[in-house]
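Here are a few exercises to work through with the model open in your viewer. Try each task before you read on to its solution.

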Amino acid sequence: MTRRTIVRTGVRLAVGVVALAVGAGVVAAATALPIPRLEDRPAARVVTPVALDQQRVCEGSLLRLSGDTGASATSLSAVGSTATVTGAGSGDRAVRTPLTGADGSPSSPLLVTAPADGTRIPLVAGSQSQDVQESDLSGFAAAPCQEPTNSTWLVGGSTQTGRTTLISLVNPTDVNSTVDLSVWAENGAVQGPGLQGIVVAPRSQKVVPLSGFATDLASPVVHVTSRGGQIVSSLQVSVVRTLQAGGADLVSASAAPARRVTVPGVVVRDTDRVAAAAGQDGFADLAPVVRVFVPGEANAQLSIQLSTTSGTGATFTVSAEGGQVTDLPLDDLAAADYTATIDSNVPVVAGVRTSSVATDSSTDLAWTGGAPALSGTTMFTAATGPAGLLTVTNPTNRAIEATYRLAAGPGYRAVTTKLAVPANASVSSPLRARGVYTLSSADGLRAAVSYEESGAIAAYPLFSPTAVSSPVTVYP
């Protein structure tokens, strides 16, 4: 073999080795790199809901009903005027807008609005109170300014002789609201014309007497639902005994049906005078009761506990028939502030009625509804009137430390404190009249505000603002 042949052969071998190396590299790269694929990915966008203005509606003055025949009040007049306290969070402002009164009367319902700013949810709250001393209407009534909704449960009232229950419907929106009423009592569902399709005009109040649908109801419960504009609903309850006014109250929303209902803010006072008066003819409804409604056909097995902040109280068990309302007497309770806990094997709605009798024999009553679980930051105000008390209940099995803040008030300095609430227990704190408060870090707690002095009593549960929707992914 010549030298030239050897060189040529070596070059060929070298080229072959390089080619093999390049080929191996291409194969390895093809294995390591992702293989292109045909893929059809739909376009998507994450949308964060814009926060809406926060609205609260104050019901306005107590009303006198001249005639309660038919399904609509035909002669209403406002009695006196309310004292209204409103407040807003830091950086927010409360705008007060008057609404048209009940069927044209000067009852002066009020819309309180905190305008939204971007995605931040504003805070706003309000409460109203009124002390009336008329021959046919007397008592102290207090209520929160409520958030409009499409569903409200109202526990309280009566249409027996001398008892008047008015259903107030306030539509703060710019469109008609069509309202349906479902009513139950001690004998089951109430049937009759006029319960469905009640039209409430925009930015106005309509009042319907419950006696227009059924008289002689001892234990009504009302479920209010609406289509179109959201509404705020409540009951005005008043009593006249043998031509003498015997108390008035505004019954605000109660928590929706649940297997456990917690009713904080139950004020029991003047026990000896209440017991003595309740024994007289026509005064039996001064005695305290738990009112329970069992939706559906299944009977409820109830365990009812009344407890004070010190842990004392009473417990009893009882059954209640499905589809009916039952008033359960609370006997032999000592004067104190209680939380009622109703445990049931089926969902129920519940509230508690208590009364006060002054040394001059004047009487008043209060209906306190079930309180829903708190979430986020809850703002509320203390109304003008007798001494106010905040009761916070913890139905969970762990202690919760909430933040309790007096944000503002006439002559008040902002104060922030911690409110430690033990598991399955309650705590209370006095309120300053016309104070604006917030509760935060209170998820899972229940709360109520109560007011009392001899011959004057009122209470209502606190509701947190309706939760705003989370961001959602939208596909075309």
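**Exercise 1: a core and its hub**

Phe380, looking past residues up to four places away in sequence, touches Ala125, Leu390, Tyr404, Leu431, Gly435, Val436, Tyr437, Leu439, Val449 and Leu462. Keep in mind that this is a predicted model.

Task: find which residues have the most contacts inside the largest nonpolar core, and which strand gives the most to this core.

Solution. Start with the core itself: it has 27 residues, and Phe380, Leu390, Val392 and Leu439 have the most contacts inside it. Next, go through the strands. At least two residues each come from β9, β27 (388–394), β28 (400–408), β29 (415–421), β30 (425–431), β31 (436–440), β32 (446–453) and β33 (456–461). The top contributor is β28, with 4 residues. Finally, look for a second core: a separate one of 26 residues turns up, with Leu181, Ala214, Val251 and Val289 among its members.

**Exercise 2: the disulfide**

Task: work out which parts of the chain the disulfide of Cys58 and Cys145 ties together, and how far apart in sequence they are.

Solution. The structure has 1 disulfide, so there's just one pair to place: Cys58 sits in strand β2 (residues 54–58) and Cys145 in the loop between β9 (138–144) and β10 (151–155), which means the link ties together parts 87 residues apart in sequence. Now the geometry: the sulfur atoms are 2.0 Å apart, and 100° about the S-S bond makes the link right-handed. Then check burial, where the cut-off is under 20% relative accessible area. Cys58 comes in at 1% and is buried; Cys145, at 6%, is buried too.

**Exercise 3: Gln55 on strand β2**

Task: decide whether Gln55 is buried, partly exposed or exposed, and list its contacts beyond four places in sequence.

Solution. Gln55 belongs to strand β2. Its relative accessibility is 25%, so Gln55 counts as partly exposed. Beyond its neighbours within four places, Gln55 contacts Leu111, Val112, Thr113, Gln146, Glu147, Pro148 and Pro172. Ala114 is 59 residues away from Gln55 in sequence, yet their C-alpha atoms are 6.5 Å apart.

**Exercise 4: two cavities**

Task: of the 2 cavities of 30 Å³ or more, say how the lining of each divides by residue class.

Solution. Take the largest cavity, about 70 Å³. Its lining has 5 nonpolar, 6 polar and 1 charged residues, and β11 (163–171) gives the largest share, 3 residues. The second largest cavity holds about 40 Å³. Its lining splits into 8 nonpolar, 3 polar and no charged residues, including Trp367 and Tyr460.

Note on methods: Residues are numbered from 1 along each chain as its sequence is written. This is a predicted model: local features need pLDDT of at least 70, side-chain atom pairs count only at pLDDT 80 or more; totals for chains, interfaces and linings use all residues. Side-chain values use heavy atoms; hydrogens and water are left out. A disulfide is a pair of cysteine sulfur atoms within 2.5 Å. Buried means under 20% relative accessible area, exposed over 50%, partly exposed in between (1.4 Å probe, protein chains only). Contact means heavy atoms within 4.5 Å. A nonpolar core is a set of buried Ala, Val, Leu, Ile, Met, Phe, Trp, Tyr and Cys residues joined through side-chain atoms within 4.5 Å. On a 1 Å grid over the protein atoms alone, a cavity is a set of points where a 1.4 Å probe fits but cannot get out, and a pocket is an open set with protein on both sides within 12 Å along at least five of seven lines; lining residues have an atom within 4 Å of a point. Grid points are joined across faces, edges and corners, and a volume is the space filled by probe spheres set on the points. Ala, Val, Leu, Ile, Met, Phe, Trp, Tyr, Cys and Pro count as nonpolar, Asp, Glu, Lys and Arg as charged, and the others, Gly among them, as polar.
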